[in-house]
Amino acid sequence: MIIEFRNVTISRGGVSALEDVSWTFDSEKTPSVAILGANGAGKSTFLEAILGLRPLTSGQILVDEMPVGKGHLTQIRRRVGLVFQNSDDQLFSQTVREDVSFGPTHMELDSEEVKRRVDEALEKMGIVTLAERSVSTLSGGEKRRAALAGVLAMHPEAVLLDEPTSMLDPRGCRELAEYLNTLEMMKLVATHDLLFATRVCPFCLILKDGKIHASGLTEDLLKDETLLMETGLA
Ligand SMILES: Nc1ncnc2c1ncn2[C@@H]1O[C@H](COP(=O)(O)OP(=O)(O)OP(=O)(O)O)[C@@H](O)[C@H]1O
Ligand SMILES: [Mg+2]
């Protein structure tokens with residue numbers, strides 16, 4: 001899959017959340033990329049724009065040459081999954097199982113396959129015992145796991161993860177990293193969790209004030225103290 005930003009600017013509330021951003025993600029070359037940056041740097045806006053959730057002020061985003069916008073959104077959202085920064089934006093069904101089943105149920109799969117995927121996702125996210133629980137009774141980390149399970153059960157070609165480890169305990173972070181590393185899909189991960197970034201994403205972009213300030217091997221950039229200081233990462 002290729003996701004291409006061409007001179008993308010997104011103004012939000014008088015601020016340029018993204019300013020003239022151009023970048024190409026190619027799953028063949030950099031299948032797993034961390035999007036790093038301080039609070040307000042534009043990470044969530046960056047990921048949400050790929051699914052057409054943030055109107056572009058100017059520029060264009062293309063997913064496998066399909067411009068993000070009316071006419072392609074259904075197809076793009078079927079192929080690209082997003083786990084929101086706030087799990088409450090994601091979860092809306094009564095029980096955890098219903099929530100995790102929602103995406104796969106709407107994908108023309110037979111019911112056996114839906115059940116197989118849902119069981120696998122619940123197991124991988126460590127929430128089998130919560131399957132029949134009401135979503136509203138879950139802890140923050142449990143909600144996070146349910147939201148991740150729902151998107152991963154769709155087996156998207158690309159997954160956009162916005163702060164996937166926020167609220168997860170250290171073991172949950174490690175296990176999520178290990179699981180993601182077994183999945184052959186494109187992964188774009190917005191995170192403040194630099195250890196998680198190094199575990200999952202060999203390549204990273206660092207955003208600052210809505211612009212790409214640096215890009216390169218995660219291991220190398222995260223050793224650069226000056227860069228970390230000037231981009232709010234240390
Ligand atoms: N609804 C909104 N109205 C006005 N400005 C907004 C809105 N949402 C976001 N912004 C602004 O857009 C900019 C980018 O926000 P964004 O949420 O993309 O940052 P982020 O890098 O994800 O930050 P964080 O690390 O806190 O999640 C910020 O300056 C933010 O204040
Ligand atoms: Mg964010």
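Lys115 is partly exposed in this predicted model, with a relative accessible area of 47%, and its side chain meets that of Asp119 in a salt bridge of 2.6 Å, N to O. Salt bridges that share partners join Lys115 with Arg97, Asp119 and Glu132 into one network. The structure as a whole holds 15 salt bridges, and a search of the whole structure also finds five aromatic pairs. Beyond these side-chain pairs, six strands form an open sheet, and a magnesium ion (ligand 2) has Ser44 and Gln85 as its protein donors.

**Salt bridges around Asp119**

- Asp119 and Lys115 are four residues apart in helix α4, and are therefore separated by about one helical turn.
- Asp119 also forms a salt bridge with Arg97, in which the closest N and O atoms are 3.1 Å apart.
- This second pair links distant parts of the chain, since Asp119 belongs to helix α4 (residues 111-124) and Arg97 to helix α3, with their positions 22 residues apart.
- Asp119 counts as partly exposed at 26% relative accessibility, and Arg97 is likewise partly exposed, with a relative accessible area of 24%.

**The salt bridge between Arg79 and Glu157**

- Arg79 forms a salt bridge with Glu157, and the closest N and O atoms of the two side chains are 2.8 Å apart.
- The two residues come from distant parts of the chain, 78 residues apart, with Arg79 in helix α2 (residues 73-79) and Glu157 in the loop between α5 and β7.
- Arg79 has a relative accessible area of 17% and is buried, because the cut-off for a buried residue is under 20%.
- Glu157, by contrast, has a relative accessible area of 40% and is partly exposed.

**Aromatic pairs**

- Phe5 and Phe25 form an edge-to-face aromatic pair, with 6.4 Å from centre to centre and 75° between the planes.
- This pair links distant parts of the chain, as Phe5 lies in strand β1 (residues 2-12) and Phe25 in strand β2 (residues 15-26), 20 residues apart.
- Phe5 counts as buried at 2% relative accessibility, and Phe25 is buried as well, with a relative accessible area of 0%.
- The rings of Trp23 and Phe203 have their centres 6.3 Å apart and their planes at 35°, so this pair is tilted.
- Because Trp23 lies in strand β2 and Phe203 in strand β9, the tilted pair ties together parts that are 180 residues apart in sequence.
- Trp23 is partly exposed, with a relative accessible area of 22%.
- Phe5 and Phe25 also belong to one aromatic cluster, which they form together with Phe46.

**The six-stranded sheet**

- The strands of the open sheet follow the order β6-β7-β8-β3-β9-β10, and their pairing is mixed.
- Strands β6 (80-83) and β10 (211-217) stand at the edges with a single partner strand each, so one side of each is left without a neighbour in the sheet.
- Neighbouring strands of the sheet are turned against each other by 15° on average, direction ignored.
- Helix α5 (residues 140-152) packs on the sheet, where it touches β6 and β7 (158-162), and the direction of this helix makes about 175° with that of β6.
- Strand β9 (residues 203-208) and strand β10 run antiparallel and are joined by six bridges.
- Within the pairing of these strands, Leu205 has Ser215 in β10 as its bridge partner.

**The magnesium site**

- The protein donor atoms of the magnesium ion (ligand 2) are OG of Ser44 and OE1 of Gln85, which lie 2.0 to 2.2 Å from the ion.
- The two donor residues link distant parts of the chain, with Ser44 in helix α1 (residues 43-50) and Gln85 in the loop between β6 and α3 (96-105), 41 residues apart.
- Ser44 counts as buried at 17% relative accessibility, whereas Gln85 counts as partly exposed at 41% relative accessibility.

Notes: Residues are numbered from 1 along each chain as its sequence is written. Chains are lettered from A and ligands numbered from 1 in the order in which they are written. This is a predicted model: local features need pLDDT of at least 70, side-chain atom pairs count only at pLDDT 80 or more; totals for chains, interfaces and linings use all residues. Side-chain values use heavy atoms; hydrogens and water are left out. Two strands pair if DSSP finds at least two bridges between them. Axes are lines fitted to C-alpha atoms, for helices over the stretch in contact, and angles run from 0 to 180 degrees between N-to-C directions. Contact means heavy atoms within 4.5 Å. Donors are N, O and S atoms within 2.8 Å of the metal (3.2 Å for Na, K and Ca); water is not among the atoms, so sites may look incomplete. Buried means under 20% relative accessible area, exposed over 50%, partly exposed in between (1.4 Å probe, protein chains only). Rings of Phe, Tyr and Trp (its six-membered ring) pair if their centres lie within 6.5 Å; planes under 30 degrees apart count as stacked, over 60 as edge-to-face and the rest as tilted. A salt bridge is a side-chain nitrogen of Lys or Arg within 4 Å of a carboxyl oxygen of Asp or Glu.
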